[in-house]
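Got the viewer open? Let's take a walk through this one together, one selection at a time.

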Amino acid sequence: MDPGAPILMRSFKKESEIEVWKRGRDGKYALLKTYPMCRWSGQLGPKVREGDRQAPEGFYEVTAASMNPKSSLFLSFNIGYPNAFDRSHGRTGSHLMVHGACSSQGCFAMTDEAMSEVYALAREAFASGQRSFQFQSYPFRMTAENLTKHRADPHLAFWKNLKDGSDIFEVSGDEPAWTVAAGRYAFNIAPAHAADISAKASRDERDVAARIAKGAPAVRLVYQDGGGHPSMKKLALAAAAGPSSEVDENIRRSLGDVSRPDALAAEPSEIVVQTGSAPVSPPTAHPVPNQVKRDVIGSSTARNSPPGVLASVPAVPSDEQRSASSANSTTGKPSFTDRFRSWLPN
C-alpha cells in the first residue's frame with residue numbers, strides 16, 4: 001500500500017469494532033487495522049428519527065469537509081447521515097459522528113489515540129486526491145451464524161439488503177456503488193464479479209438453512225443502551241467510577257466522560273424467538289429529556305455538513321460537550337488538533 005492510497009471504513013455494532021481498509025497496489029482494498037469501539041448507543045437496527053439514540057446503519061460517504069478538527073470530543077468526522085436511502089424513508093437526524101472519547105448518543109466513539117490514527121489516515125488519503133471515503137455501518141458481521149440467530153428480527157430484510165453490499169465488497173475488493181430503488185439499496189455489480197458474488201450468497205444461504213435444520217435458535221438481542229468492545233469496557237467503567245489504580249490519568253482523559261456507564265456495564269438480553277410467531281418489535285427508544293445532540297462537534301460542523309444533513313447546532317452545549325471541552329483545554333489537546341486543522345480544508 002502507498003501512504004496516500006484511498007481508505008474505506010466498516011463498523012459493526014454487535015462486535016463493537018471499526019475496520020480501516022486501504023487500497024493496495026493491486027487496486028483492491030485490504031484490511032489495514034481493526035479498532036475496538038469504546039461506545040455506541042441504542043439497539044441493533046437503523047436510525048429512524050432525531051433523538052432515538054440509534055447509531056446509523058447503511059452506506060455513507062465522508063468528505064474532507066466532514067472532518068472536524070475542532071471537535072469538543074477530540075477529533076471527529078460526520079458520516080453523512082441521512083443519506084439518500086434514509087431520506088427516501090423519511091428518516092431524520094443530524095451530526096452523526098465517529099469521534100474520540102467514550103460517549104455516544106447515536107455516534108461511534110473511539111479512544112482519542114485510535115481516533116488520531118484514523119483521522120491521520122483520512123488526512124493522507126484526502127491530501128493524495130481521494131474525494132470521499134465510504135463508511136459502511138452494519139449491525140453485526142454478515143456471517144451465516146449471525147443471520148441465523150437474527151432471522152426473526154423485524155429488521156432482517158434491511159440487513160439482508162446491507163449484506164448484498166457487503167458481499168460485493170468482500171468478493172470484489174472494491175467499494176460497492178449504490179443507488180436507491182423501490183426503497184432498497186440497489187448495487188451495481190461488475191460483470192467480472194457477478195458469478196462469484198452470486199456463489200457466495202448461495203453458500204451463505206445454504207449455511208443458514210443447515211444451521212436452522214440443526215436446531216439453531218432465533219434470538220433477539222436487547223441492549224439497555226448500546227455497548228462497547230470488551231477490551232474497552234473495563235477501562236471505561238473504571239474511569240466512570242472515579243479515581244482508581246486501574247486507570248491512570250492519561251487513559252481517563254482519553255476516555256472522557258463515559259456515557260451511561262450503567263447501560264454499558266449491562267450485557268444485552270438474549271431473547272429466544274419462536275419461529276413462525278410474530279417478530280419481536282424493536283424496543284422503544286427513550287430520548288434524554290431536553291436532549292441536545294452532544295455528539296455535535298464544534299463551531300465548524302454546520303458549515304461542513306454534507307448535503308442532506310441538517311446543519312442546525314444547539315446553542316447551549318450539553319454537559320458532555322462542556323466536560324469534554326474542559327478536559328481538552330487542560331491537557332493541551334487543542335494544540336494537537338490545531339496541527340490537524342492546517343492539513344484539511346475547513
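Before we start, one term: two residues are in contact, or "touch", when they have heavy atoms within 4.5 Å of each other. Also keep in mind that this is a predicted model.

**Stop 1: the whole chain.** Show everything as a cartoon. You should find eleven helices and 13 strands. The protein chain has 346 residues, and 52% of them count as buried. Switch on a surface if you like: the chain exposes about 14700 Å², with carbon and sulfur atoms supplying 54% of that. As for how the chain folds back on itself, take the contacts between residues at least 6 apart in sequence: 71% of them join residues at least 24 apart.

**Stop 2: Q136.** Select residues 132-138, which make up strand β9, and pick out Q136 within it. Is Q136 buried or exposed? Its relative accessible area is 0%, and because anything under 20% counts as buried, Q136 is buried. Now show what surrounds it. Leaving out residues up to four places away in sequence, Q136 touches L8, M9, R10, S11, G58, F59, F169 and P176. Display the side chain of Q134 too: a polar contact of 2.8 Å joins it to the side chain of Q136.

**Stop 3: the nonpolar core.** In soluble globular proteins, nonpolar side chains tend to be buried together. Here, the largest nonpolar core has 54 residues. Select F77, I79, V98, F108 and F135, the ones with the most contacts inside it. Then add helix α2, residues 112-127, which gives the most to this core, with eight residues. Zoom in on I79 next. Not counting residues up to four places away in sequence, I79 touches P56, Y60, E61, V62, L96, M97, V98, F108 and F135. Apart from this core lies another, of ten residues; M232, A239, L255 and V258 are among them.

**Stop 4: helix α5.** Select residues 191-213 and put a distance between the end C-alpha atoms. What span should you expect for 23 residues at 1.5 Å a residue? The expected value is 33 Å, and the ends of α5 are 34 Å apart, which agrees. Colour I197, K200, D204 and V208, the buried residues of this helix. They pack against α3 (144-149) and α4 (156-172), so bring those two helices into view as well.

**Last stop: G215.** Move just past the end of α5 and click on G215, which takes a positive phi of about 95°.

Definitions and conventions. Residues are numbered from 1 along each chain as its sequence is written. This is a predicted model: local features need pLDDT of at least 70, side-chain atom pairs count only at pLDDT 80 or more; totals for chains, interfaces and linings use all residues. Side-chain values use heavy atoms; hydrogens and water are left out. A nonpolar core is a set of buried Ala, Val, Leu, Ile, Met, Phe, Trp, Tyr and Cys residues joined through side-chain atoms within 4.5 Å. Buried means under 20% relative accessible area, exposed over 50%, partly exposed in between (1.4 Å probe, protein chains only). Helices (H or I, at least four residues) and strands (E, at least two) are DSSP runs, numbered from the N terminus. A polar contact is a pair of N or O atoms within 3.5 Å; within protein, one must be able to donate a hydrogen and the other to accept it, and residues adjacent in sequence count only if both atoms are side-chain atoms. Accessible areas come from the Shrake-Rupley method with a 1.4 Å probe; for residues, only the protein chains shown count as cover. The expected span of a helix is 1.5 Å times one less than its number of residues.
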